[in-house]
Amino acid sequence: MLAQLRLAFFVVLATGMVACGEAGSPADALLADADAVSRGRSLFVGTCAGYCHKLTPERVDAVYLFDCEWKHGSSDQQIFNTITNGVPSTRMVGFGTNFPEGESDLWKIIAFLKSKRESCA
């Protein structure tokens, strides 16, 4: 009986942690992988910065992605959704998972963005 109660408590605790966002995103796990962050940077430079977004805050029509102001959501999942689906009535097209390594590359781009993001107080 005690073992069943412990198991039930663990399941409730684990479910609550995931629901509260404590589990982290795939990008969080990639932050510790220098090769993954480097690939994310390369993909960002070749895909995103090559056309719209920049690595430095310049006056362009695309938002700067390394500050604390995010128009379309700042959580990793919201960023993933924005890159995947695009933003209607803007130049931000949806890329889906059309990267060489699919979703894995998309999470590497998000890890790169997080690695260079300004500290938000």
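1. A residue counts as buried when its relative accessible area is under 20%. Asp105 has a relative accessible area of 0% and is therefore buried. This residue belongs to helix α5. Leaving out residues up to four places away in sequence, Asp105 touches Arg39, Leu43, Phe99 and Pro100. The model discussed here is predicted.

2. On the overall fold: the protein has five helices and zero strands, and its pattern along the sequence reads α-α-α-α-α. Of the 121 residues in the protein, 31% are buried. Contacts between residues at least 6 apart in sequence include 56% that join residues at least 24 apart. The accessible surface of the protein is about 8000 Å², and carbon and sulfur atoms account for 57% of that surface.

3. The largest nonpolar core holds 22 residues. Within this core, the residues that touch the most other members are Phe44, Ile110 and Leu113. Helices α2 (26–30), α3, α4 and α5 are the elements that give two or more residues to the core. The biggest contribution is that of α5, with seven residues.

4. Ile110 deserves a separate entry. Not counting residues up to four places away in sequence, Ile110 touches Ala27, Asp76, Ile79, Phe80 and Ile83. As noted under the core, Ile110 is among the three residues named there as touching the most other members.

5. Phe80 can be read together with Ile110. Phe80 lies in helix α4, which spans residues 76–85. Its relative accessible area is 9%, so Phe80 is buried. Apart from neighbours within four places in sequence, Phe80 is in contact with Glu103, Leu106, Trp107 and Ile110. One of these partners, Trp107, is 27 residues from Phe80 along the chain, and the C-alpha atoms of Phe80 and Trp107 are separated by 7.4 Å.

6. Which residues are closest to the centre of the largest pocket? The volume of this pocket is about 560 Å³. The lining consists of 27 residues, of which His53, Ala62, Val63, Val87 and Met92 are the closest to the centre. By class, the lining has 16 nonpolar, seven polar and four charged residues.

7. As to the helices around the pocket, α3 (34–49), α4 and α5 (103–116) each supply at least two residues of the lining. The largest share comes from α4, with four residues. Helices α3, α4 and α5 thus appear among the elements listed for the pocket lining, and they are also among those listed for the nonpolar core.

8. The backbone at Ser89 should be looked at. Ser89 is not a glycine, yet its phi is positive, at about 65°. The residue is found in the loop between α4 and α5. Is Ser89 buried or exposed? A residue is exposed when its relative accessible area is over 50%; Ser89, at 83% relative accessibility, therefore counts as exposed.

How values were computed:
Residues numbered from 1 in each chain as written. Predicted model: local features only at pLDDT ≥ 70, side-chain atom pairs only at ≥ 80, totals over all residues. Heavy atoms only, no water. Buried < 20%, exposed > 50% of the residue type's maximum accessible area, 1.4 Å probe, protein only. Contact = heavy atoms within 4.5 Å. 1 Å grid on protein atoms, 1.4 Å probe; cavity = no way out; pocket = protein on both sides within 12 Å on 5 of 7 lines; lining within 4 Å. Points joined across faces, edges and corners; volume = space filled by probe spheres on them. Nonpolar A, V, L, I, M, F, W, Y, C, P; charged D, E, K, R; others polar. Core = buried A, V, L, I, M, F, W, Y, C linked by side-chain atoms within 4.5 Å. Areas by Shrake-Rupley, 256 points an atom, 1.4 Å probe, with all protein chains shown as cover.
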